[in-house]
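Please walk me through this structure, starting from how exposure is judged and going on to the fold, the core and the surroundings of the ligand.

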Amino acid sequence: MADFISRSPEETLAWAEQFAKSLRPNDTVLLLGEMGAGKTLIAKGIAKGLGIREEVTSPTYAYVNAYDDYLFHFDCYRVTSEEQAFRLGLADYFGAGGICLVEWSENIAGLLPEDVKRIEIIKRGEVDREIRF
Ligand SMILES: Nc1ncnc2c1ncn2[C@@H]1O[C@H](COP(=O)(O)OP(=O)(O)OP(=O)(O)O)[C@@H](O)[C@H]1O
Ligand SMILES: [Mg+2]
């Protein structure tokens with residue numbers, strides 16, 4: 001899929017829903033971008049595209065939310081060290097048959113699989129977002 005300029009949350013959701021169709025079991029997708037860029041919104045769109053009915057929300061207390069035992073949504077913002085992440089078992093999800101979406105993957109760089117897909121979301125304005133894939 002090509003890079004995309006989104007002009008609304010709805011356009012971002014629709015893009016992510018389409019993008020989901022390209023995903024395969026064991027894929028890991030890094031969602032990159034500053035706070036409020038739209039990483040969680042992309043995760044919601046991907047979940048919708050995969051046919052997951054449960055509502056995707058930011059993991060608040062947990063570091064990973066699991067949906068249908070197939071989609072794993074990580075928010076590593078509060079991870080304080082790779083050692084902590086490893087002890088929590090976060091590395092075990094990668095390549096274990098599901099699809100992993102990772103926010104704030106910077107905090108677990110050493111635990112990530114070699115082969116990942118990257119979606120970068122750049123704020124260009126109040127509602128404009130550049131989505132680079
Ligand atoms: N074009 C757009 N695409 C995505 N989000 C948009 C867009 N325009 C406005 N927004 C708003 O930006 C916010 C994105 O929030 P979201 O929780 O997805 O960010 P995030 O990158 O996950 O942040 P955090 O790092 O805090 O988890 C939402 O409130 C959304 O409505
Ligand atoms: Mg988020």
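A residue is called buried if 20 or more other C-beta atoms lie within 10 Å of its own, exposed if 12 or fewer do, and partly exposed in between. The model shown here is a predicted one, and one residue of it, N65, can serve to show how the rule is applied. N65 has 19 C-beta neighbours inside 10 Å, and therefore it counts as partly exposed. This residue has its place in strand β3, which covers residues 64-67, and, when residues up to four places away in sequence are left out, N65 touches P59 and H73.

From this single residue one can step back to the chain. Its secondary structure comes to 3 helices and 7 strands, and these follow one another along the sequence in the pattern β-α-β-α-β-β-α-β-β-β. The C-alpha atoms of the chain fill a box of roughly 40 × 30 × 25 Å, taken along the principal axes. Because a compact globule of 133 residues would have a radius of gyration near 14 Å, the 14 Å of the chain agrees with that expectation. Among the contacts with a separation of 6 or more, 67% join residues that are 24 or more positions apart.

The interior comes next. Of the 133 residues of the chain, 33% count as buried. In soluble globular proteins, nonpolar side chains tend to be buried together. The largest nonpolar core here holds 30 residues, of which L31, I42, I46 and L101 touch the most other members. At least two residues of this core come from each of α1, β2 (28-32), α2, β4 (71-75), β5 (99-103) and β6 (117-123), and the largest share, 5 residues, is supplied by α2. For L101, the contacts beyond four places in sequence are V29, L31, A43, I46, H73 and F74; H73 is thus a residue touched by L101 and also by N65.

What remains is the ligand. Ligand 1 is surrounded by 17 residues, and the closest of them are T12, G38, K39, T40 and L41. By character, this shell divides into 5 nonpolar, 8 polar and 4 charged residues. Helices α1 (9-20) and α2 (39-49) each supply at least two residues of the shell, and α2 is also the element that gives the nonpolar core its largest share. To relate this site to the residue discussed at the beginning, one may take T12, which is among the residues closest to ligand 1: T12 and N65 are 53 residues apart along the chain, and their C-alpha atoms are separated by 21 Å.

How values were computed:
Residues are numbered from 1 along each chain as its sequence is written. Chains are lettered from A and ligands numbered from 1 in the order in which they are written. This is a predicted model: local features need pLDDT of at least 70, side-chain atom pairs count only at pLDDT 80 or more; totals for chains, interfaces and linings use all residues. A residue is near a molecule or strand if its C-beta atom, placed from the backbone, lies within 6 Å of it. Helices (H or I, at least four residues) and strands (E, at least two) are DSSP runs, numbered from the N terminus. Ala, Val, Leu, Ile, Met, Phe, Trp, Tyr, Cys and Pro count as nonpolar, Asp, Glu, Lys and Arg as charged, and the others, Gly among them, as polar. A nonpolar core is a set of buried Ala, Val, Leu, Ile, Met, Phe, Trp, Tyr and Cys residues joined through C-beta atoms within 7 Å. Two residues are in contact if their C-beta atoms, placed from the backbone, lie within 7 Å. The radius of gyration is taken over C-alpha atoms; the globule rule is 2.2 Å times the number of residues to the power 0.38.
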